[in-house]
Amino acid sequence: MGIEQQEYRQRQQEIMSKIGGGTAIFRSAPMATMHNDVEYTYRQESSFYYLTGFNEPEAVAVFAPHHPEHQYILFVQPKDPERETWTGYRCGVEAAKEIYGADEAYPIQELNQKLPQYLVDADRIYYHLGNDESFNNIIVSHWQKLMRGYQRNGTAPLAIEDTRPLTFPMRLVKSPGEIAMMRRAMEISAMAHNRAREFAEPGIYEYQVQAEIEHIFRKEGGMGIAYPSIVASGENACILHYIENERQIQENELLLIDAGCSYGYYNSDITRTFPVSGKFTAEQKALYEIVLEAQLQAIAEVQPGKPYNDFHDMAVCVIVQGLLDLGLLRGNLEEIIEEEKYKPFYMHRTGHWLGLDVHDVGIYKSDRKTWQNLQPGHILTVEPGIYISPFIKAAEGQPEIPDRWKGIGIRIEDDLLVTKEGHDILTADVPKSVADMER
């Protein structure tokens with residue numbers, strides 16, 4: 001299973017149709033150092049990978065539709081048997097054309113020498129000024145040199161524009177091939193979550209549950225974690241991005257697991273919360289039922305043509321009403337929402353785009369006010385929660401929280417594909433009803 005070369009070619013043609021007479025430059029991700037001279041497993045920059053499928057560092061992709069011979073050019077590390085003995089095989093220059101379909105390929109060391117021929121007739125340069133100042137300076141230096149000849153030649157790339165407005169809309173709508181990859185990521189993640197719920201019990205440690213989950217990710221062919229796994233017992237579940245996973249799980253606690261695998265660079269993102277002793281306490285059950293109802297009603301709002309934010313608004317409404325019914329909030333529902341007095345309990349958004357990045361690219365608003373309308377091919381998460389920290393401070397005018405509620409954190413998260421008819425819950429293989437969570 002994977003993205004076919006033809007699909008990469010279609011993406012390349014689309015990016016070139018967008019830039020017209022310009023030249024677009026994309027750079028691979030650098031190697032990241034874990035400590036001293038030990039490096040992390042390499043992970044390509046997502047947009048570079050989306051356009052090329054090329055998975056090596058020290059590479060540059062250039063798209064120059066105006067060039068008479070070469071429209072798609074790769075600069076890559078050349079073959080070097082001595083270095084490859086230590087760090088792994090390289091594709092090399094010739095294979096960059098044969099395997100990845102480049103019209104021309106060069107050693108990365110020749111970038112400064114060869115790049116100008118693809119810029120000289122461009123009306124502008126498309127490049128995202130990233131965190132690597134030295135590489136930014138290379139691109140800016142070439143641009144400045146060409147601009148110095150503008151008065152004499154009457155032509156030059158008159159501006160540098162960011163590539164993100166070109167790639168973000170492309171990546172936001174998933175192709176059938178991408179959807180298939182993400183379905184597999186979610187199938188694997190569902191297996192892992194279901195195994196974790198069977199395995200978890202009082203007395204074991206959070207990291208032991210984490211090990212079960214991540215073992216399945218790799219065993220089933222995933223690349224590994226999509227993000228650091230959250231295995232949060234008791235009050236740790238009130239920390240949104242808790243990743244220490246060191247605590248021993250105690251009787252009558254909830255365990256919140258937020259974990260997903262990456263498959264072929266495409267990610268899943270699932271959260272479930274369940275009682276490790278097999279039964280919810282009265283307070284845990286009351287809050288869980290609110291979160292579950294908020295999620296179910298939010299999911300119902302995920303429909304093509306609806307504004308992105310509708311499902312968040314619905315989740316907030318259900319959560320606030322539930323907290324009012326329990327006496328944990330006081331006042332008028334609309335006023336509490338408008339004044340955000342619910343935020344001590346629910347402080348994050350209800351979802352995000354999902355794809356090559358866990359928090360995937362794509363705008364949420366088409367301007368400062370208007371939310372993006374959902375459309376078929378969008379994949380997003382729906383993940384409401386309630387968190388009652390031991391250190392919670394009630395909003396002004398709101399009641400103090402009795403101790404019996406403190407230390408309970410609950411989140412339920414699924415991944416949804418927007419379809420022509422409505423939506424498809426891609427993570428439905430992971431149960432979430434009260435009956436399924438108890439044993």
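A residue counts as buried under 20% relative accessible area, as exposed over 50%, and as partly exposed in between. Glu340, with a relative accessible area of 41%, therefore comes out as partly exposed. The model discussed here is a predicted one. In that model Glu340 sits in the loop between α14 (333–338) and β15 (379–382), and its phi is near 55°, a positive value in a residue other than glycine. Tyr265 also has a positive phi, near 80°. Most residues other than glycine have a negative phi. Tyr265 belongs to the loop between β12 (261–263) and β13 (266–267) and, at 2% relative accessibility, is buried.

Stepping back to the whole chain, its secondary structure amounts to 15 helices and 19 strands. The C-alpha atoms fit a box of roughly 75 × 50 × 40 Å along the principal axes. Of the 439 residues, 52% count as buried. Looking at contacts between residues at least 6 apart in sequence, 71% link residues at least 24 apart.

One open sheet has six strands, in the order β6-β5-β4-β1-β7-β8, and its pairing is mixed. At its edges stand β6 (104–107) and β8 (160–161); each has a single partner strand, so one side of each is left without a neighbour in the sheet. Further in, β1 and β4 (residues 60–63) run antiparallel and are joined by four bridges, with Ala24 opposite Phe63 of β4. Helix α1 (residues 5–19) packs on this sheet and touches β1, β4, β5 (72–76) and β7 (125–127). The direction of α1 makes about 55° with that of β4. Helix α7 (residues 133–148) packs on the sheet as well, touching β1, β4, β7 and β8, and its direction makes about 175° with that of β7.

The loop between β1 (23–27) and β2 (33–35) holds Ser28. This serine is buried, its relative accessible area being 5%. Its side chain reaches the backbone nitrogen of Glu58 at 3.2 Å, and a polar atom of that side chain lies 2.9 Å from the backbone nitrogen of Ala59. Setting aside neighbours within four places in sequence, Ser28 also contacts other residues, including Tyr42, Gln44, Phe48 and Pro57. The C-alpha atoms of Ser28 and Ile179, which are 151 residues apart along the chain, are separated by 24 Å.

Turning to the nonpolar interior, the largest core has 108 residues, and Phe63 and Val209 touch the most other members. Helix α12 (residues 282–300) supplies the largest share of this core, nine residues. Apart from it lies another core of 17 residues, among them Val60, Phe75, Tyr127 and Leu146. If residues up to four places away in sequence are not counted, the contacts of Phe63 include Ile15, Met16 and Ile19, along with Ala24, Phe26, Leu51 and Tyr72.

As for α12 itself, its 19 residues should span 27 Å at 1.5 Å a residue, and its end C-alpha atoms are indeed 27 Å apart. Buried positions in this helix include Ala286, Leu287, Ile290, Val291 and Ala294. An α-helix has 3.6 residues a turn, so residues three or four places apart point the same way. Polar residues also appear among the buried ones in α12, including Glu283, Gln284 and Gln295.

How values were computed: Residues are numbered from 1 along each chain as its sequence is written. This is a predicted model: local features need pLDDT of at least 70, side-chain atom pairs count only at pLDDT 80 or more; totals for chains, interfaces and linings use all residues. Side-chain values use heavy atoms; hydrogens and water are left out. A nonpolar core is a set of buried Ala, Val, Leu, Ile, Met, Phe, Trp, Tyr and Cys residues joined through side-chain atoms within 4.5 Å. Buried means under 20% relative accessible area, exposed over 50%, partly exposed in between (1.4 Å probe, protein chains only). Helices (H or I, at least four residues) and strands (E, at least two) are DSSP runs, numbered from the N terminus. Contact means heavy atoms within 4.5 Å. The expected span of a helix is 1.5 Å times one less than its number of residues. A polar contact is a pair of N or O atoms within 3.5 Å; within protein, one must be able to donate a hydrogen and the other to accept it, and residues adjacent in sequence count only if both atoms are side-chain atoms. Two strands pair if DSSP finds at least two bridges between them. Axes are lines fitted to C-alpha atoms, for helices over the stretch in contact, and angles run from 0 to 180 degrees between N-to-C directions.
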